[in-house]
Amino acid sequence: MSRALLSPLIAALALMLGPSRLSSQRSGQLLTDARDQIRTRNLDSAITLLHAITTSSQADSSERAEAFIWLGVATFYKGQDSTATYAFKDALDNNPLQTPAAVLARLDSGLAALLERQQTTVLCGEALPAWLGDPGPTGAPLNPDARAAQGPEVISGPLLSYPDNLRRAYVQGRVMVRALIDTLGRAERGSVRIISTAHRDFNKPVTEYMERAHFRVAVSSAGRVRSCVILPVDFRIKR
């Protein structure tokens with residue numbers, strides 16, 4: 001890919017990953033410099049700069065995740081696919097819900113494929129059609145198997161219980177929850193896992209909801225298939 005085309009795509013990826021909240025001006029400059037080095041294909045220099053962020057005790061998880069994504073890009077361009085895979089895994093270990101695959105695909109389809117495989121493994125534990133977001137037509141497919149299938153969709157579920165202590169304190173927020181859905185439309189035993197939460201007291205009612213919910217089963221060209229969903233559950237108090 002020419003440098004003229006590479007620059008706007010790297011800028012687009014930076015916007016998708018950001019805005020960065022790097023802990024110091026020096027760290028912010030390191031990330032900016034690393035992106036510039038990738039644009040000009042000075043990859044060894046970019047990798048050195050990015051390692052300085054990923055190993056910094058001052059960086060938080062979102063900052064390390066962003067640096068690891070760029071590290072994956074740089075090492076991929078050096079032909080080190082296995083190293084890029086590990087970098088993407090480290091990025092997702094820090095922030096499993098980031099979704100830069102679409103922009104990575106515009107840089108190189110191989111980059112997106114590496115990230116999608118890692119994200120499916122990190123979130124689902126195995127290679128399954130996977131969706132992030134509301135299930136059904138509005139969910140975002142995370143991998144090619146999901147893009148080629150019809151996603152699962154919640155048909156029914158129990159009343160979601162709002163913890164009394166959080167309601168009284170007017171605590172609201174979102175929980176992201178993972179479940180593996182079997183071919184009968186139920187969450188597989190032990191597969192429900194909280195990915196992120198606004199408050200730990202939301203976790204139990206969300207887990208109980210997912211364990212008792214009934215889904216329309218995911219369907220591929222081969223028929224009904226097991227699938228993985230990562231869903232948002234919002235707790236809101238109406239005034």
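In this predicted model, helices α3 and α4 cross in a left-handed manner. Helix α3 covers residues 43–54, and its axis lies 9 Å from that of α4, at an angle of about 160 degrees. Because angles over 145 degrees count as roughly antiparallel, the two helices are described as roughly antiparallel to each other. On the α3 side, the contact is made by L43, I47, L50, H51, I53 and T54, which meet E63, R64, A67, F68, W70, L71, A74, T75 and Y77 of α4. Sorted by class, this contact holds 10 nonpolar, three polar and two charged residues.

Helix α4 (residues 61–77) also packs against α7, with the axes 11 Å apart and an angle of about 130 degrees. These two helices are therefore oblique to each other, and α4 passes α7 in a right-handed crossing. From α4, the residues involved are I69, G72, V73, F76 and Y77, while α7 supplies G110, L111, L114 and L115. The contact of α4 with α7 comprises seven nonpolar and two polar residues, with no charged ones. Y77 of α4 thus appears in the contact with α3 and again in the contact with α7.

A further partner of α7 is helix α5, which spans residues 81–94; the two axes come within 9 Å and cross at roughly 45 degrees. That angle makes α5 oblique to α7, and the crossing is right-handed. Here D81, A84, T85, F88, K89, L92 and D93 of α5 meet L111, L114, L115, Q118, Q119 and V122 of α7. By class, seven residues of this contact are nonpolar, three are polar and three are charged. It is worth pausing on L111, L114 and L115 of α7, which take part in the contact with α5 and also in the contact with α4.

Helix α7 has a role in the pocket analysis as well. The second largest pocket has a volume of about 150 Å³. Two elements, α7 (109–124) and α8 (144–147), give two or more residues to its lining. The greatest share comes from α7, with five residues. The full lining consists of A113, E116, R117, T120, T121, A127, L128, N143, P144, D145 and R147. These lining residues divide into four nonpolar, three polar and four charged, a mix that may be set beside the contact of α4 with α7, where no charged residues occur.

How values were computed: Residues numbered from 1 in each chain as written. Predicted model: local features only at pLDDT ≥ 70, side-chain atom pairs only at ≥ 80, totals over all residues. Heavy atoms only, no water. 1 Å grid on protein atoms, 1.4 Å probe; cavity = no way out; pocket = protein on both sides within 12 Å on 5 of 7 lines; lining within 4 Å. Points joined across faces, edges and corners; volume = space filled by probe spheres on them. Helix = DSSP H or I, 4+ residues; strand = E, 2+ residues; numbered from the N terminus. Nonpolar A, V, L, I, M, F, W, Y, C, P; charged D, E, K, R; others polar. Axes fitted to C-alpha atoms, helices over the stretch in contact; angles between N-to-C directions. Parallel < 35°, antiparallel > 145°, perpendicular 65-115°, else oblique. Left-handed = near helix turned anticlockwise from the far one by under 90°. Contact = heavy atoms within 4.5 Å.
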